[in-house]
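Q: Got a minute to go through this one with me? I'd like to start with a helix and work outwards.

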Amino acid sequence: MKFKPEISGTILSPGVLEQDYAQAQNMGRVHLGDSCLFFRKFSGASYLPYSHILRAWLRQEEVKARMCCATANFDQFFLVAACADGQERRGQVIDKASGQACLDHISAKNPSVKIGYVKPQP
């Protein structure tokens, strides 16, 4: 599998990444490794070391789907990570419970991460 760093300059050896990804918990498009958070992409995966995450939270988005006979509403959940480079990364998780498990795992791997969304000040 091809691995790409989410933050430039965070190069890990392919052997370490392969082993970490192989044992990682699958939470949808997000995989929880021992040293990195993996975001599944079409042609591989990108990785984000836990030490580069400053804040993490869940985002819930409502989706309204029109069908031939009715409208269906359902929710999608995303894990969002604000990183040391000032960017936010996000990956879809299966449901709210798996999103909370992601937050708990990130907090255990890097206790200095702030968990929860903070509204930006104008």
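**Helix H1 and the sheet**

A: Sure. It's a predicted model, and helix H1 (residues 14-22) has Leu17, Asp20 and Tyr21 as its buried residues.

Q: Why do those sit on the same side of H1?

A: They cover an arc of only 95° around the axis, so they end up on the same side of H1. As background, an α-helix has 3.6 residues a turn, so residues three or four places apart point the same way.

Q: And which residues are exposed on the other side of H1?

A: Gln19 and Ala22 are exposed there.

Q: What covers the buried residues of H1?

A: The cover includes four strands: E1 (3-5), E3 (30-32), E4 (36-41) and E5 (44-49).

Q: How does H1 lie relative to E4?

A: H1 runs at about 80° to E4, lying across E1, E3, E4 and E5.

Q: OK, switching to the sheet. What's the strand order?

A: The order is E1-E5-E4-E3-E2, five strands in an open sheet with mixed pairing. At the edges are E1 and strand E2 (25-26), each of which pairs on one side only.

Q: In which sense do E2 and E3 pair, parallel or antiparallel?

A: Antiparallel, over two bridges. In E3, His31 is the residue that stands opposite Asn26.

Q: What about helix H2, where does that one pack?

A: H2 (residues 96-109) packs on the sheet and touches E2, E3 and E4. The direction of H2 makes about 40° with that of E3.

Q: Let's zoom out. How many helices and strands are there in the protein?

A: Two helices and nine strands. Reading from the N terminus, the elements go β-α-β-β-β-β-β-β-β-α-β.

Q: What does the C-alpha trace span along its principal axes?

A: About 50 × 40 × 25 Å.

Q: And how many of the residues count as buried?

A: 37% of the 122 residues in the protein.

Q: What about contacts between residues far along the sequence?

A: Take the contacts between residues at least 6 apart in sequence: 51% of them join residues at least 24 apart.

Q: Last one: what does the accessible surface come to?

A: About 7,500 Å² for the protein, and carbon and sulfur atoms account for 52% of that.

How values were computed: Residues numbered from 1 in each chain as written. Predicted model: local features only at pLDDT ≥ 70, side-chain atom pairs only at ≥ 80, totals over all residues. Heavy atoms only, no water. Buried < 20%, exposed > 50% of the residue type's maximum accessible area, 1.4 Å probe, protein only. Arc of directions from axis to C-beta. Contact = heavy atoms within 4.5 Å. Pairing = 2+ DSSP bridges. Axes fitted to C-alpha atoms, helices over the stretch in contact; angles between N-to-C directions. Areas by Shrake-Rupley, 256 points an atom, 1.4 Å probe, with all protein chains shown as cover.
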